[in-house]
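Me: I should be grateful for a close look at a single part of this structure, with an account of what surrounds it.

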Amino acid sequence: MGIHLVKSGDTVCSIAKQYGVSSLSIIEANGLGHSDILVINQTLYVPLGKNDRMMSVNDIRRNIARNYNINFEKYNRVIPGAPTKLSVQRNTLISVVLFWEPAYDNVQVSGYYILRNNIPIGFTSKRVFVDAFIKIGETYDYKVTSYTLNKVFSGYSNIARVSITTSLGIVYWSKANQYSLFLKGIDVSSYTPELDWNKIKKDDVKYVYVRAGNSALNKAYTPDLMAQTHTLGIKSVGLPVGFYYIPHWSNLDYNLEKASGEAEKYADNILNIMSAVSTSGYGDLLPVLDIEPPLGESDIGLTGKQIVDWAKVFCDHFKLYTGRTIMIYTNRSFWNDWHVTPEINTLKNLPLWNAEFYEFSNYLKFSDDTPMNFGGWSGWNIWQFTQSAVIGGYSRMDQNWCPSLDLITPPAKPINLNGFNSSFGTVNLSWNKNTEIDLKGYNIYKDGVLISTNIKNYITITGLTVGRTYKFQVRAIDVFNDVSNLVLVNVYISR
């Protein structure tokens with residue numbers, strides 16, 4: 001028996017002709033009665049042989065209904081569309097995570113039954129299912145059927161086959177994204193060839209990080225040769241871009257005094273890259289400092305405190321030099337190897353890009369499918385969960401999840417700043433509220449001097465001189481002390 005997914009313009013007659021079978025056999029196999037009305041994305045069984053003709057779709061539904069004690073005759077009504085694009089998100093030694101797309105038709109789907117080797121093993125209202133009852137050495141064929149509120153079943157999805165071995169499967173998707181609507185992003189460097197960024201964007205990528213540079217033993221800041229090329233492509237398709245820098249960690253060239261100079265070279269390099277794509281600033285996303293051992297090295301001869309102290313000087317000077325907050329990229333295993341405790345981690349108030357890969361670690365809790373906190377950080381802004389993703393048709397890509405772009409972008413500048421009732425030494429300022437989820441408040445300046453930090457979007461300022469014009473500025477600030485551009489209003493204080 002074959003499966004046909006109904007497309008625009010399909011009829012029972014045209015489908016029967018396509019497969020070389022009779023229209024009546026398709027009608028009987030799918031319980032269509034005498035109707036030839038089809039719905040786009042509807043799944044049809046196409047009998048291709050004598051034995052297939054003997055088993056109708058109703059027989060299949062009866063088998064499922066029997067397993068779950070459902071009154072088939074009572075609830076056999078309008079047939080919902082079948083799920084599509086069933087795939088194995090990832091498989092480990094203990095679980096298989098399945099994901100599928102629903103069929104968008106005119107029937108309300110209430111949930112899905114999952115079958116393994118033609119045996120129902122569970123149901124869910126979501127589009128993701130975890131099978132934790134598997135064995136190494138076995139091969140499983142999965143398929144999914146949708147059902148309505150009255151337990152009317154669709155046809156089956158495609159079959160997804162997986163063999164459970166001691167090698168982990170390619171990661172295509174994360175369960176966490178389906179539950180939390182996380183945003184997908186990637187990161188690239190000179191190791192990444194030129195990409196078709198339209199394909200990347202069409203694969204639902206929402207942001208991209210580019211390696212701006214790195215350093216090697218006894219060598220200063222070295223720009224990444226592909227940074228400008230990648231950035232041009234990213235901006236050409238309208239995606240936000242950010243940058244990261246990987247310093248070299250070794251006691252052979254450790255110098256705390258050079259951290260500030262490295263921060264300035266990093267900042268200047270970002271400006272040059274953005275200028276080359278006709279854009280100003282230090283990137284759309286938070287700049288990043290990557291803290292990890294040099295490639296292929298584990299013993300770098302430095303203590304955790306030395307590493308943290310260098311990074312602290314780097315990040316503080318970058319903030320002073322640019323006004324932008326640095327995000328830290330690191331991994332819990334590095335922190336453990338270097339014995340960096342929360343007490344000595346002076347970076348824990350900075351945003352975190354947490355690198356915990358499915359394919360290389362055992363620290364992801366199966367029940368959570370999300371990284372554990374470490375180092376004094378209370379959470380993460382980005383989670384890099386694989387370097388084996390397939391994105392835009394390209395394999396072995398780094399893939400990241402972010403709960404919201406608000407967490408990796410500076411706040412938007414306040415709009416509609418107004419001064420009113422400006423008399424008798426007093427003025428009222430107001431502006432529209434920002435919508436960022438990580439907003440901490442607003443800094444208010446008078447003639448360039450900070451006079452208040454306010455969570456409200458209005459303020460009354462007193463003690464002003466009558467007959468004078470004041471320059472008032474407001475900028476938004478988030479919980480990581482990243483700030484928006486300033487917005488200005490000039491106010492004359494009348495009598």
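The reply below takes one helix as its subject and then moves outward to its surroundings.

Me: Please examine helix H9 in detail: which of its residues are buried, and which elements do these buried residues pack against?

Reply: The model is a predicted one. Its chain has 495 residues, of which 52% are buried, and its secondary structure comprises 11 helices and 26 strands. Among contacts between residues at least 6 apart in sequence, 68% join residues at least 24 apart. The chain exposes about 23600 Å², and carbon and sulfur atoms supply 51% of that area.

Helix H9 covers residues 259–276. H9 consists of 18 residues, and the distance from its first C-alpha to its last is 26 Å, close to the 26 Å expected at 1.5 Å a residue. The buried residues of H9 are Ala259, Glu262, Ala263, Tyr266, Ala267, Asn269, Ile270, Ile273 and Met274. They lie on the same side of H9, because they cover an arc of only 160 degrees around the axis. A general property of helices helps in reading such a list: an α-helix has 3.6 residues a turn, so residues three or four places apart point the same way.

The partners of this buried side come next. The buried residues of H9 pack against strands S12 (205–214), S13 (222–223), S14 and S15 (288–290), and also against helices H8 (227–236) and H10 (304–322).

The loop that leads into H9 deserves attention as well. Ser250 is found there, between strand S14 (241–246) and H9. Ser250 has a relative accessible area of 7%; the cut-off for a buried residue is under 20%, so Ser250 counts as buried. Leaving aside residues up to four places away in sequence, Ser250 touches Leu217, Ile300 and Leu302. At the other end, H9 is followed by Ser278, which has a positive phi near 60 degrees. In general, most residues other than glycine have a negative phi.

Helix H10, one of the partners of H9, can be described in a similar manner. H10 has 19 residues, which should span 27 Å at 1.5 Å a residue, and its end C-alpha atoms are 27 Å apart, so the two values agree. The buried residues of H10 are Gly304, Ile307, Val308, Trp310, Ala311, Phe314, Cys315, His317, Phe318 and Thr322. The cover over them includes S14, H9 and S15, together with strand S16 (327–330) and helix H11 (332–337). S14 and S15 also appear among the elements against which the buried residues of H9 pack. Just after H10 comes Gly323, with a positive phi of about 85 degrees.

Cys315, listed among the buried residues of H10, has a relative accessible area of 5%. Cys13, by contrast, is exposed, with a relative accessible area of 53%. In general terms, a disulfide is a covalent bond between the sulfur atoms of two cysteines. A search of the whole structure finds zero disulfides.

Helix H8, another partner of H9, spans residues 227–236. His230 is touched by Thr192, which also touches Met226, not counting residues up to four places away in sequence. Thr192 is located in the loop between strand S11 (183–188) and helix H7 (197–202). With a relative accessibility of 12%, Thr192 counts as buried.

A strand elsewhere in the chain offers a useful comparison with the buried side of H9. In strand S5 (residues 111–116), six of the six residues are buried, so S5 is largely enclosed by the rest of the structure. Gly111, Tyr113 and Leu115 point one way from S5, whereas Tyr112, Ile114 and Arg116 point the other way, and all are buried. S5 runs antiparallel to strand S8 (residues 139–147), to which six bridges join it; Leu115 has Lys143 as its bridge partner in S8. S5 also pairs with strand S6 (residues 119–124) in the antiparallel sense, over five bridges, and Tyr113 stands opposite Phe123 in S6. S5 and S6 form a hairpin with two residues between them, and Asn117 in the turn has a positive phi of about 50 degrees.

To return to the part requested, H9 has its buried residues on the same side, because they cover an arc of only 160 degrees around the axis. H10 is one of the elements against which these residues pack, and H9 is in turn part of what covers the buried residues of H10.

Definitions and conventions
Residues numbered from 1 in each chain as written. Predicted model: local features only at pLDDT ≥ 70, side-chain atom pairs only at ≥ 80, totals over all residues. Heavy atoms only, no water. Helix = DSSP H or I, 4+ residues; strand = E, 2+ residues; numbered from the N terminus. Buried < 20%, exposed > 50% of the residue type's maximum accessible area, 1.4 Å probe, protein only. Contact = heavy atoms within 4.5 Å. Areas by Shrake-Rupley, 256 points an atom, 1.4 Å probe, with all protein chains shown as cover. Disulfide = S-S within 2.5 Å. Expected span 1.5 Å × (residues − 1). Arc of directions from axis to C-beta. Pairing = 2+ DSSP bridges.
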